[in-house]
Amino acid sequence: MYNIKLKPVYSAPADDIYQDINLPKNWSLSWHQLETFKALNNPNIDVIFNIAMTGDGKSLAAYLDTLQGEKNDQFCYILALYPTNELARDQQAQINHYIDLFQPNNEPRITRLSGADLEIYAETEDIRKEEAIATKIQESEIIQTNPDILHYLRKGAYLMPKDRPDKLWSPLDTKFKFFVFDEFHIFNAPQIANIINTMLLVRHTNRDKKYLFLSATPETQIIERLQKVGFNCKVIDPYQEQKYQFPDTLEKCQELEANKWRKVVGEISLNFISLESAYHASENWLKENKNIILSHFQKHQGCKGAIILNSIASVKRLTPLLQEFLSPLKVQENTSLTGKTDKEKSLEADLVIGTSTIDVGVDFKINFLIFESADAGSFIQRLGRLARHKSYEKEGKTINFDNFTAYTLTPNFLVERLFNEQDKNLEQNGIYDRPFFHNQIRNNYRKINNFEGYYQRWGGVLSVMLSGKSGLGHKTIEQQFAGSKDAFKKDCETVFNLSLKKTAFCMRKWGEEWQQLSGKKGNPIIESASSFRGSSVLQCGLYDLTEVQECDRFKTYNLPSILSNLDIEPITEAEFKRIFEQTKANTNIPIPKGRFRHCLGFMKLNGYREERLNWKFTYGDELKAIADSWKVTVLSGIEVYQPDNRWINEINKRLKIQGLVSYVVPYPMSEVKRRLQLPMHFEIYPIDEVGRDEKPPYSIAFGQSALLLDTLAYRLKSKGGESWIC
């Protein structure tokens, strides 16, 4: 085991004080917070990127103008967009706290709006979703939601066919002048392309907007693209401006604090645990070394900790084990399969064990962390959860932390690179500042593809839709927005470096091919390319018997993960609906049901398997010609091959008649992931023609993953070269 220390980080105070800013007593602003406030009030700046480090108060910078209340000029209405509902919930509590402290003169109303919230509100009030959204726009000064809802609102997803396309987005744009995108770095190219489309649509239909992107690790490609079409962008970077210091003595810390520098994170003792790159490696280490956790809690009274892993199944298996071993300490889980009740309990637990649901911005007050990661970004993100707070409140008492300790469960290759005797990147017991250490992680860990080619290949699909007959070309608004439509299309072609005429031609061709294949209207490829995060026809409805709270038992999960990790028994859709309605009646609690509308199958979840099961997709015809075409296609006839699975035939009956947006490549899955630097959870799977190959020679990706693979697959061709055949 190797150990290093990371120095604390201090953030510079504001260089000057704005007389117009009202702050709570004894409060002061950091340099980046004041710079953000000034940029938001500068009419010559359109887009601000605040890349202050995790824990440095970026949220306050975003809301500071709004917290001033009603002013002589217009109040700053905020539409804040968060990548996860968990983060939106966390930020709602944070902003309510700020409102209590700042006491703005207008008592701004906050609405947190997820898809589930919207559905329940509409059902409770007996109104359509369109009316529910309109009401929330009218009755809110701050809306906290996710970019998905904003995206589908622009597409007219909540409207009737005869409605004006701008029926919802026009009042939204008229009222809300300020858009905040938090933790923006977790989005991939499809989401960035869709957000750029939205910004351009707003620009040409309702000007004078401000955009603030908050991210400790920003993606530069969005800045460059926005500048290409004339957005005035400002990057606020405290590190580049030497507004961070990393003291290594107590005296230096005291000197900085006397000069009103604020501690962002404390000193961390970081231990590297070198493990084989195997599926169970981290889980097994935790089982074998649970005494380390217990002894740490015994040694440091009042300790609070978190364990962040890559696998939901590992979390589900470890949670009961640690609950029993660490009793009477409170241990709670937090994953995408965790019910709402347990998620809320996890925030107060002594030890929370979870997955990426807790590493994206949620402000845990912990001083002990064990984590694994998949790449440099997730390593830095997860380590950033630690040492952000010096204390926490428990039963009305303040409990101070006496140290901050982390264990990183790290692949052997990374430890060897970091502590290599020849290169001396890091040394045992070395002391380093955060920027240097983060650079070492980025330079030596696995690099993930940023899918740069997606913009030119697929970014224009949504542009065509937003400017076409369902958007700005709709008969009800065509004349009103005639000039806007042309300007919007021109900017889209510039920002994505493509021809919308060519994109529209391809879209028509995909529609014709789909009609020939299925006899149906529509276009699955367009649906995938114009969705925000992608929609999977492989989603299944689960009734989770491992969940204590009845109303939290209804979930969705994707078929590949079910096949690998879950112990389930199939049930009919009618049975699932019967249990659903009975639970609603028994608990008298509304449960959103829209997510189950298009499920492939329905199942009872009995538990989580100790060993991951093998399976693969199969195709009833020849794959070679499909793979050699090197293009996205819609396939039907795909099934799952898992001979020991007694219920798979029922799933296959429904699966094989689905039209799946697919990309097939003639290489094994592990080779494709390695050569194309695909993320750990990229949805690519093994496939063969008959289900008999022990190691299938082909790989397949579906939906949005198929489009992303399409932008890279040319690298696998023996002759090289990139072309787009639609």
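**Salt bridges and one sheet**

Asp-117 has a relative accessibility of 27%, so this residue counts as partly exposed; that label covers the range between buried, under 20% relative accessible area, and exposed, over 50%, using a 1.4 Å probe and protein chains only. Before going on: this is a predicted model, where local features need pLDDT of at least 70, side-chain atom pairs count only at pLDDT 80 or more, and totals for chains, interfaces and linings use all residues. Residues are numbered from 1 along each chain as its sequence is written, and side-chain values use heavy atoms, with hydrogens and water left out.

Asp-117 has a salt-bridge partner, Arg-112, with the closest N and O atoms 3.6 Å apart. A salt bridge here is a side-chain nitrogen of Lys or Arg within 4 Å of a carboxyl oxygen of Asp or Glu. By that rule the count is 31 salt bridges. Another one links Glu-547 to Lys-555, at 2.7 Å between the closest N and O atoms. Are Glu-547 and Lys-555 buried or exposed? Both are buried.

Now the sheet. Six strands make an open sheet with mixed pairing, in the order β26-β28-β30-β29-β25-β27. Strands are DSSP runs of E, at least two residues, numbered from the N terminus, and two strands pair if DSSP finds at least two bridges between them. β26 (633-635) and β27 (638-641) are at the edges with a single partner strand each, so one side of each has no neighbour in the sheet. Inside the order, β28 (660-665) and β30 (698-702) pair antiparallel over four bridges. Val-665 stands opposite Ser-699 in β30.
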